[in-house]
Amino acid sequence: MEENMKAHIIEGANTNVLYFPNSYKFFKIDDLTKNIICDIHEEMNKSEIIEKYNIGEEDYYDLHQIVNDTTSSLTELQAGPKGLYKLVLNITNECNLNCVYCYANGGTYQSDKGVMQREVLEQALSIFFNRYNNIGVIQLFGGEPTLNLNAIAYVGAYIEQKLQNKEIDYKPVLCLTTNGMCSSEKFIDLVNRYDIKLTVSIDGPRSVTNQTRLANTGAGVADILEDNIQKLRARTGQPQSAEVTFTQLHVEQDIEVREVVNYLGTRFGITDVHVSPVSAEEGAAYKLKNRDSFLKAIPEVIRNKEDGYMLVNRIIDNLRTKRMDRHICNAGTSIYSVSSSGDIYPCFMLTDVWEHRLGNVNSVDEEFWSELESPANPFRRFDKLKNEQCKDCFNNTMCNGCMGINHFGTGDIFKSPEEECSFLKGLTEQVLLALCEEDK
């Protein structure tokens with residue numbers, strides 16, 4: 001990693017942290033050390049610093065060397081040529097809910113309602129399995145994927161056949177993101193037969209879910225949703241994960257992020273919870289006025305060693321494994337999404353955004369793959385450590401952004417909204433502060 005980032009100081013109410021972005025090392029420091037380092041960063045003259053703080057020359061040089069140490073010990077993630085991390089299949093282009101914040105236009109994106117036909121599904125699986133020796137995850141998405149149970153059955157059987165024929169080295173994780181409105185016997189059988197990992201979309205306690213996740217009649221669906229989750233958990237052990245969209249409606253009910261995580265864990269035994277701040281246009285009643293609740297949850301989550309808060313888990317996992325990625329996210333490099341009509345996109349959030357359409361499953365040829373896998377491809381070429389917006393940010397090695405959020409926030413998939421950047425930097429800082437506080 002040739003680009004260098006100097007040490008970053010994080011000031012908390014009771015703790016100061018010195019953080020090294022190139023190694024993920026961090027240390028608790030006192031106010032005197034913090035002040036000296038700040039002056040070194042400001043390039044104050046050596047003799048002035050020594051006189052100002054009454055320290056020896058050797059102490060000065062020790063600190064100067066430490067804060068200017070840009071040695072990297074991180075492992076860069078590399079996209080392997082023979083394996084794909086995730087293939088997303090949008091098997092439906094319709095939904096049986098009308099959630100207030102839906103970015104996908106009620107599940108249709110910018111297309112007509114419909115389901116992915118078997119011929120399209122077969123071709124999508126064929127071209128990606130023919131190109132990649134192994135696919136780590138196949139995610140069934142929509143719309144609402146349970147509106148196309150036949151497609152779910154087909155994908156499950158297709159993977160099993162590939163495995164039996166020894167055409168793949170290992171079985172991909174088959175997962176499905178659902179709104180929780182289906183718990184039919186056929187669906188339960190499919191989940192059990194093909195070991196499908198479910199993620200349910202639910203926004204926490206019933207009072208807020210009834211405001212955000214609505215039937216097409218406008219009625220809240222929390223009762224149906226919770227009953228179905230209980231049934232699915234009892235019959236399949238799924239869902240094990242939940243996705244929550246946190247809105248101003250939570251704030252108005254005094255519901256904190258941590259309460260949402262605890263609610264899902266206590267009520268359903270779901271301990272893998274991804275809580276995301278809502279993406280919303282100005283003026284929307286559900287648009288968050290701030291994201292304080294996300295940061296407020298961190299100290300207690302770390303103090304109690306809770307595992308359910310995925311935003312915190314990702315940072316701690318990076319600190320532990322010392323992994324970094326130069327890309328914003330995996331979209332367009334090791335993740336691809338296929339729409340119901342067979343169009344290929346870098347991410348499911350960009351479905352029907354024509355400027356980001358990569359091709360169609362029925363017209364893929366060697367030229368398509370050459371362009372997609374070329375180092376000159378803009379998705380592969382993008383580098384946070386060189387990008388003008390990111391290169392001087394202390395969080396550029398730790399940060400994991402989202403091209404979909406970028407598209408809806410700035411209109412440019414490679415440019416993050418300032419609000420998002422500030423939020424991600426705040427998450428990293430608060431996690432490091434909390435970890436140091438716990439290390440007293």
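This is a short tour of a protein structure, with a suggestion at each stop of what to select and what to look for there. Keep in mind throughout that the model is predicted.

**The open sheet**

Begin by selecting the strands of the sheet, where nine strands are arranged in the order 10-9-8-7-6-5-12-13-14 to form an open sheet with mixed pairing. Now look at its two edges, where you will find strand 10 and strand 14 (359–360); each of these has a single partner strand, so one side of each is left without a neighbour in the sheet. As background, strands of a sheet pair through backbone hydrogen bonds, either parallel or antiparallel.

For an example of the parallel kind, select strand 8 (residues 197–201) together with strand 9, which run parallel and are joined by three bridges. Within this pair, Thr 199 of the one can be found opposite Ser 241 in strand 9.

**A hairpin with an unusual turn**

Next, select strand 2 (16–20) and strand 3 (25–29), which run antiparallel and are joined by five bridges. If you click on Val 17, you can trace across to its bridge partner in strand 3, which is Lys 28. The hairpin made by these strands has four residues between them, and there Tyr 24 takes a positive phi near 65°. Is Tyr 24 buried or exposed? Tyr 24 is buried, with a relative accessible area of 2%.

Why pause over the sign of phi? Most residues other than glycine have a negative phi, and most peptide bonds are trans.

**A second positive phi**

Move on to Asn 54, which sits in the loop between helix 2 (46–53) and helix 3 (57–67). Asn 54 is also not a glycine, and its phi is positive, near 55°. With a relative accessibility of 71%, however, Asn 54 counts as exposed, whereas Tyr 24 is buried.

**Two cis peptide bonds**

Now zoom in on the backbone between Gly 142 and Gly 143, which are joined by a cis peptide bond with omega about 20°. Gly 143 belongs to the loop that lies between strand 6 (134–141) and helix 5 (149–164).

For another cis bond, select Gln 238 and Pro 239, where the peptide bond leading from the one to the other has an omega near 0°. The loop that holds Pro 239 lies between helix 8 (222–236) and strand 9 (241–246), and strand 9 is the parallel partner of strand 8 that you visited earlier.

**A buried arginine**

Select Arg 291 next, in the loop between strand 10 (272–277) and helix 11 (292–296). Its relative accessibility is 12%, and Arg 291 therefore counts as buried. Which residues does Arg 291 contact, once its neighbours within four places in sequence are left aside? Display Pro 277, Glu 419, Glu 420 and Phe 423, and you will have these contacts of Arg 291 in view.

**Cysteines without disulfides**

For the last stop, display the cysteines, and note that the count of disulfides comes to zero. The sulfur of Cys 329 has its closest cysteine sulfur in Cys 402, and because the distance is 5.9 Å, the two are too far apart for a bond. Cys 347 is likewise in no disulfide, since the nearest cysteine sulfur, again that of Cys 402, is 5.6 Å away. As for their surroundings, Cys 329 counts as buried at 19% relative accessibility, and Cys 347 is buried with a relative accessible area of 12%.

How values were computed:
Residues numbered from 1 in each chain as written. Predicted model: local features only at pLDDT ≥ 70, side-chain atom pairs only at ≥ 80, totals over all residues. Heavy atoms only, no water. Buried < 20%, exposed > 50% of the residue type's maximum accessible area, 1.4 Å probe, protein only. Contact = heavy atoms within 4.5 Å. Disulfide = S-S within 2.5 Å. Pairing = 2+ DSSP bridges.
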